[in-house]
Amino acid sequence: MTDTALPITVGRPDDFDELARLVEVAFHTTLDAETRDAERSIFEPPRSLVVRDGADLVASAGAYTRELTVPGAVVPAAHVTMVAVLPTHRRRGLLTRLMRRQLREVRDAGREPVAVLWASEGRIYPRFGYGLAAQQLVVECATTELRLPAPTAAEGRLRLDRPAARRAELARLYDRQRAAHPGWSDRDDRWWRYVLGDLPGHRDGATERRVLLHEAPDGEIDGYALWRTRRGYDAGGPSGVTVVDELVAANPAARAALWRLLLSLDLTRRLSYQGAVDDPLLRLVDEPRRLEPRVSDALWVRVVDVPAALAARRYAAAVDVVVEVTDELLPENSGRWRLTGGPDGARCVPADAPADLACDVRALGELYLGGVAVTALADAGRVAELRPGALAAAGPAFSWRRAPSGMGVF
């Protein structure tokens, strides 16, 4: 059953408490007062779409106004969030109407060529043109048999502190590194307060969050890790867990020093961490199997404006290709587009020439951050080669020097 009678309206600041209750029901959680206040601090009412059934708020879709690092560039991106429907109003077309309306508004505003989100369920968003653009490495491992290389002269000093006391230094290092990491989002003061808030409701039985800093020999902070521990004892003795929320390092020496300490904390026996699929940790430890690594989905990207999005990023090699794109929800994207460019810039314009490749807009989203090979999508039947040799010619261009990764769920 499709319900078109319930109107979609733009959110207001006063809607937040009702939105919070909707999220609690939809995602099976409870938000304490501090968590609600933190979420309220980043809430953007004008970017929130809500559906009411009488006086009750029953569905929503929101977005944050942020920037996203893409290969070789930074672009404005709608960071989609708070997508939820009450159980009593499922299967009535409300989610479809909200997502269509949101995409149309982002497209018509003309500021953000892409939208990005973390998916609660992977099967939901492909039908709206979102493609899996970044995966993540998930580590849940025992640490007792892991070893790292011995320290070198390039390593400096490690210091412990409260994260909030070092916010300015963390922000400087994060901003310097962000430009090189596709998938990372910008953080203004409001977002840094949110990230470092360390709410009790987010601790899941662990300690308060701490920051481990690496200070280079010249005194510069060139690495940090946000982490906490969960106390534990069993019949064999201490069994604590180190939970690493975020690790940023400007060089190999800082990275190795941070991991050496985090993997050897007294009274801990396990470690939990999520990073990029090409995370250097896999190459640092002496036995990568002991990390028990697995791969999960991270960021999903929706290309909202094909020519603007493709022209905004950079390409690892020279590219000159005509792509035929289909987009059922935003028909302006459908058609043939000629993409030319390379490491220094790109241009994407309508094309009259025959297409070399063909795909839907979802496949473009998967390719956008450089995290999947064009040939992999072709092998899955997601990209069609219309001119022999086009895959071999275009494939290297869409890759990038680092695998994309998401830094913090939003």
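Helices and strands here are DSSP runs, strands having at least two residues, and both are numbered from the N terminus. With that in hand, welcome to the tour of this predicted model.

**What to look for**

We are visiting enclosed spaces inside the protein. How many cavities of 30 Å³ or more are there? The count comes to two.

**Stop one: the largest cavity**

Select V323, L357, C359, L364, L367, V374, V383 and F398, and show their side chains: together these residues line the largest cavity. The space they surround is about 50 Å³. Now color β20 (357-360) and α9 (361-368); each of these elements supplies at least two residues of the lining. Which classes of residue do you find around this cavity? The lining has eight nonpolar residues, with no polar and no charged ones.

**Stop two: the second largest cavity**

Next, move along to F43, E44, S48, G62, A63, Y64, T81 and M82, the residues that line the second largest cavity. Here the space comes to about 30 Å³. Highlight β3 (56-70) and β4 (73-85), since you will find at least two lining residues from each strand. Which element gives the most to this lining? That is β3, with three residues.

Try coloring this second selection by class, too. Four of the lining residues are nonpolar, three are polar and one is charged.

**Before you leave**

Keep both selections on screen and switch between them: the lining of the largest cavity has no charged residues, while the lining of the second largest cavity has one.

Technical notes
Residues numbered from 1 in each chain as written. Predicted model: local features only at pLDDT ≥ 70, side-chain atom pairs only at ≥ 80, totals over all residues. Heavy atoms only, no water. 1 Å grid on protein atoms, 1.4 Å probe; cavity = no way out; pocket = protein on both sides within 12 Å on 5 of 7 lines; lining within 4 Å. Points joined across faces, edges and corners; volume = space filled by probe spheres on them. Helix = DSSP H or I, 4+ residues; strand = E, 2+ residues; numbered from the N terminus. Nonpolar A, V, L, I, M, F, W, Y, C, P; charged D, E, K, R; others polar.
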